Amino acid sequence: MDIQKLLSQMTLQEKLGQLTQVNAVFFKPDNTADITGPVSLLGIEESDALYCGSTLNFIGAKDMKKIQDIAMAAQPHGIPLLFMQDVIHGYRTIYPIPLGMGCTFDEELVEECARMAGKEAAVSGVHVTFSPMLDLVRDARWGRVMESTGEDPFLNGRLGAAFVRGYQGDKLQGKYDIAACVKHFAAYGAPEAGRDYNAVELSEHTLRESYLPGYRACIDAGVEMIMPSFNTVGGVPSTCNRLLLDKILRREWAFDGIVISDYNAYREMVKHGVAEDDKHAAELAIGAGCDIEMMSATAYLHGEELLAEGRLTMEQIDRAVLRVLELKDRLGLFENPYRVANEQEEAELHLCPAHRALARRAAEEASVLLKNENVLPFSKNAKKIAVIGPFAKEKGIKGFWACAGRDEDCVTVLAGVRALLPDAEVASVKGCSWEIGETEVPELDEAIELASEADAVVLCLGEYQEHSGEGNSRATLTLSPAQMTLARAVLKHNKNTAAVIFGGRPLVLTDLAEIAPAMLYVWQPGTEGGNAVARLLFGDANPSGKLSMSFPYAEGQCPIYYSRMNTGRPVEDPKVVSKRPYRSRYLDAPVLPLYPFGHGLSYNTYTYDNFTVSDDKITPDTPLEIAVTVKNEGQYQGKETVQLYIHDKFASVARPLLELKDFVKLELAPGESAAVIFTLTEEDLRFHTLDGTFASERGEFEVFVGPNSDQLMGATVYLEK
Ligand code: GLC
């Protein structure tokens, strides 16, 4: 398609239409949906909607084809729609939430899962996914931590790039490749008080040092689109933030892809008090560098006036329209507007055995064994198994952003255990609800009776999928009083009990950890959750997940993360409550979390020996090699993620006590050893210095390796330059 020629033939209304995205309901006769206010509030008619260049929130190939036909018939030049969707961790076959995928520390697995999701989405008519979400998250009160791969910039960058590769393949050349959209630019994960959409106040240093690298990794991986965040950064909404969208994104990073706003975010700048009215919002957003306006129509309605008043230029409009048309062209939509939408392939691919198997493997590798005092794995000879708790038979375990996923497709823990052990007597009691703050335990007696008679007890607790995700921040993160009452009673009557905990965020499990001998955190595991949990509990799978986000000892510690600064008055031991006055301490909690970043047990014990560094100095020309031998001392095949950290002990700005710089995931047979060699270069030691350059500074560094951010062996080296 000759895009320039098409652009030259388009009217202003057509051009502004291409920059507008409305919900799929607009293309249906019964467009009465009221999502962010009645659709009529957008101020456009159905006929206007037909000029729009893209749509979202439709499901299925049949729907997509119908909408595409309607739209193209109405478009003066027959320009096809872009179909976009939140394919966050699966389309119909749902794998674990991204915060759980972060615990796999497995780029290949993430890429494979993204590719599977993209394929299922593509045959359902999806062209673009609003994924991956690369917001760095350090505050478990924020409900959308579930969408991120965690608290570390390096891990997020590696896994974010893997998501992009999985969706986009080699520049959308593949039949089922779909475009990816990294979000939410920027620092949406750092709202004050952990409350969604709230203001973000970060220094530019911290922004660049910690919060931007994840998005940048996706840009470097070739992501087609980026979405600014709802929040303000330094008082300016990201949607019109020229530091973010122009200086950093367009000029420094040379990103020339599409910038699409978040849902109604243009108009919300009026609520932020930065735009005087909708017309001003359009001027600010487009002026800063936004291209597509999602679910509002300020550019469509006011663009002509803004041009006439010289507040926008046709060059700005044309540049944005070109980006949209070029993506449609690269997706082949002008030749084939349906692309690979195909009802038959939908039926064949969605939830097919291979996809379910992949989702189950992901759920197994995302699960984290937090504690295990000789309880797990349960014996497969157990005759009477009790599955107790609000999540024993819960099918709502797919997570908040599960796109076309359905609860009814999910395998419950009870079903998974019964499928694995068909000859055992497996009974279940719910005990209580999963409601936040619940105090009633209506089936306490039944739960006690069942637990008392069982050979093994699976105690299924946690947070429901709708209690994390967008708009679902929490001020308390503990299990409800009812769940704790149930747990105490069950554990009193049967010590051979393992707690399986569901959640979309790190919960505060301090009280449970005091009484439960075994705790397996499974996040929202997705469609195959119950099968994965059963295989993990009974030893057909061996836990290998490592926490992608710290688990607080108490909510009051939030935000909490491993790469903290030292302060000028550090406590003597961050693991205990300090008794020394005038220290950076809590009177009622330790400084460290209950479970740290990188924590995760196995049914094996892994020993780390022969730690060596190739030299006691590192220079720009001579990288450092850090070696360690890891041995599987256990009796199970297992995976172990070995982590490499540094600490820059002296620099022009304070540096974190620890920074993850590499990781490798080993698979070891019983008794097998592997030698791991990390290479650390001078470039790995660079950071945003006091004078704003990105550089390393000579001086003393500590380098560490270990199984998590707490148990480390290290050496001191000197950077010479
Ligand atoms: C939502 C979310 C964003 C999502 C978009 C479309 O409000 O903030 O992550 O992609 O709207 O559903």
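Colleague: In what order do the eight strands of the open sheet stand?

Modeller: In this predicted model, the order is β9-β6-β5-β4-β3-β2-β1-β10, and the pairing is parallel.

Colleague: What makes β9 and β10 edge strands?

Modeller: β9 (258-259) and β10 (293-294) each have a single partner strand, so one side of each lacks a neighbour in the sheet.

Colleague: How do you know that β4 and β5 pair?

Modeller: Pairing requires at least two bridges between the strands. Strand β4 (residues 128-129) and β5 have two, in the parallel sense, and the pairing therefore satisfies the criterion. Valine 128 stands opposite alanine 179 in β5. Between these strands the chain passes through helix α7 (residues 153-168), in a β-α-β crossover that is right-handed.

Colleague: What joins β4 to strand β3?

Modeller: Two bridges join β4 to β3 (residues 82-85), and these strands run parallel. Here valine 128 in β4 is opposite methionine 84.

Colleague: Why is β5 called mostly covered?

Modeller: A residue is buried when its relative accessible area is under 20%. In β5 (residues 179-185), seven of the seven residues are buried, so the description applies. β5 also pairs in the parallel sense with strand β6 (residues 225-228), over four bridges. There, phenylalanine 185 has proline 228 in β6 as its bridge partner.

Colleague: Why does glutamate 224 count as buried?

Modeller: Its relative accessibility is 11%, whereas the cut-off is under 20%; glutamate 224 is therefore buried. This residue lies in the loop between α9 (213-220) and β6.

Colleague: What makes the pair formed by the side chains of glutamate 224 and arginine 330 a polar contact?

Modeller: The distance is 2.6 Å, and the limit for a pair of N or O atoms is within 3.5 Å. The pair therefore counts as a polar contact.

Colleague: Which residues come nearest to the ligand?

Modeller: Of the 13 residues around the ligand, these are Asp86, Arg144, Lys183, His184 and Asp262. By class, the shell comprises seven nonpolar, one polar and five charged residues.

Colleague: How do you know that aspartate 262 makes a polar contact with the ligand?

Modeller: A polar side-chain atom of aspartate 262 lies 2.6 Å from an oxygen atom of the ligand. The cut-off is within 3.5 Å, so the contact qualifies. For aspartate 86, the distance from a side-chain N or O atom to a ligand oxygen atom is 2.5 Å. For a polar side-chain atom of glutamate 470, the distance to a ligand oxygen atom is 3.0 Å. Taken alone, the ligand exposes 310 Å², of which the protein buries 94%.

Technical notes
Residues are numbered from 1 along each chain as its sequence is written. This is a predicted model: local features need pLDDT of at least 70, side-chain atom pairs count only at pLDDT 80 or more; totals for chains, interfaces and linings use all residues. Side-chain values use heavy atoms; hydrogens and water are left out. Buried means under 20% relative accessible area, exposed over 50%, partly exposed in between (1.4 Å probe, protein chains only). A crossover is right-handed if, with the strands pointing away from the viewer, the path from the first strand over the helix to the second runs clockwise. A residue is near a molecule or strand if one of its heavy atoms lies within 4 Å of it. A polar contact is a pair of N or O atoms within 3.5 Å; within protein, one must be able to donate a hydrogen and the other to accept it, and residues adjacent in sequence count only if both atoms are side-chain atoms. Accessible areas come from the Shrake-Rupley method with a 1.4 Å probe; for residues, only the protein chains shown count as cover. Ala, Val, Leu, Ile, Met, Phe, Trp, Tyr, Cys and Pro count as nonpolar, Asp, Glu, Lys and Arg as charged, and the others, Gly among them, as polar.
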